[in-house]
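Biologist: I am new to this structure and would like a close look at one part of it. Please take me through the salt bridges and where their partners sit.

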Amino acid sequence: MSGRTKLTFVESKLFLRDPTAVFFVIALPIMLLAIFHFVTTKSNDDAATKESMAAFVPAMAMSLCLTMLALNLLPTTLATYREKGILRRLAASPVHPGNLLIAQLFINLVTAAVSAVLVLIVGKAAFDTKLPGDVPAFLVSFALGTWALFSIGLVIAAIAPSSKSATAMGLSLLFPSLFFGGAFLPKEDLPETVSTIGDYTPLGAALQALRDSWENQWPQALHLTVLGVIAVAATAAAAKLFRWE
C-alpha cells in the first residue's frame, strides 16, 4: 500500500469518527426530505406548486450538503492541520503534505457523492421523491456545483491561519449563500433583487441547475457559466495562495 493510499485510509477513519461529518452527510439531507415531505403532503397547495416543490426539495437538500462540506468541514480540517504544524512536519517526511490535501479532497468528494446517492435512493424509497428527469444534466450540474463550492472552500483553507478563522470565514459565506441562493425559499418566492443576486452565487447557481435537471430541463447557460467561472478562478486562487505552514 502506497503512502498516499495509507494516508487516505487514515484520514477516512478520522473523518467517519467525526459526528458532525456523519450528520451533514447522512442525517441532514434525510431530515430535510422528511420535513418537506410532511409539510407538502399536509398542505393545500395546488398540483403545480407541489410539483415545483418536488423538484426543489431534493435539489436543495443536495446543495445544502455540498455547501456544508465545502464551506465548513473541508477548510476547517485543513486549517487545523496547518495550525497544529502537521503540514509542516509532513513536508520533512517522505509523505509530501500535498498528499494530505489530495486525501482530504478525495474523501470530501466521495462524501458528497454518497450524500447525493442517499438523497436519490432514500428520497425515492421512503418519500416517493421523483428522480432527476434529465440524468446527463444532473451529472453536469452536480459535478460543476461540487467543483465550484469546493474551490471556494479551498480558498478559505488557503488563507485561514487557524481552525477558528476558517470556521468564521466559512460561516460568513454560508448564511448569505443560503439566503441569496434560495435554500430557504424557492427562487420564485424570493424578491427579484435577491433572486438575481442568487443566480451569481455558487450555491444559487448549483441549486437552480440541479432543480432544472429534476424538472427534465437542461440547466440555464447563466448558471453553468457562473459555476464554471467560479470553479476555475477559485481553484487558481487556492493554488496560488495555499500555504503549508
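Modeller: What follows goes through the salt bridges one pair at a time. This is a predicted model, in which local features need pLDDT of at least 70 and side-chain atom pairs count only at pLDDT 80 or more, while totals for chains, interfaces and linings use all residues. Residues are numbered from 1 along each chain as its sequence is written, and side-chain values use heavy atoms, with hydrogens and water left out.

A salt bridge here is a side-chain nitrogen of Lys or Arg within 4 Å of a carboxyl oxygen of Asp or Glu. Searching the whole structure gives three salt bridges.

One of them joins Lys 187 and Asp 199, whose closest N and O atoms are 2.7 Å apart. Lys 187 is in the loop between helix 7 (163-180) and helix 8 (192-198), and Asp 199 is in the loop between helix 8 and helix 9 (202-214), so the pair ties together parts 12 residues apart in sequence. Helices are DSSP runs (H or I, at least four residues), numbered from the N terminus. Asp 199 counts as buried, at 12% relative accessibility; buried means under 20% relative accessible area, exposed over 50% and partly exposed in between (1.4 Å probe, protein chains only).

The other pairs share Arg 211. Glu 188 forms a salt bridge with Arg 211, with the closest N and O atoms 2.7 Å apart. This pair links distant parts of the chain, 23 residues apart: Glu 188 is in the loop between helix 7 and helix 8, and Arg 211 is in helix 9. Arg 211 is buried at 4% relative accessibility, whereas Glu 188 is partly exposed at 49%. Arg 211 also meets Glu 215 in a salt bridge, at 4.0 Å from N to O. Glu 215 is partly exposed, with a relative accessible area of 28%. Glu 188, Arg 211 and Glu 215 are thus linked in a network of salt bridges.

Conventions
Helix = DSSP H or I, 4+ residues; strand = E, 2+ residues; numbered from the N terminus.
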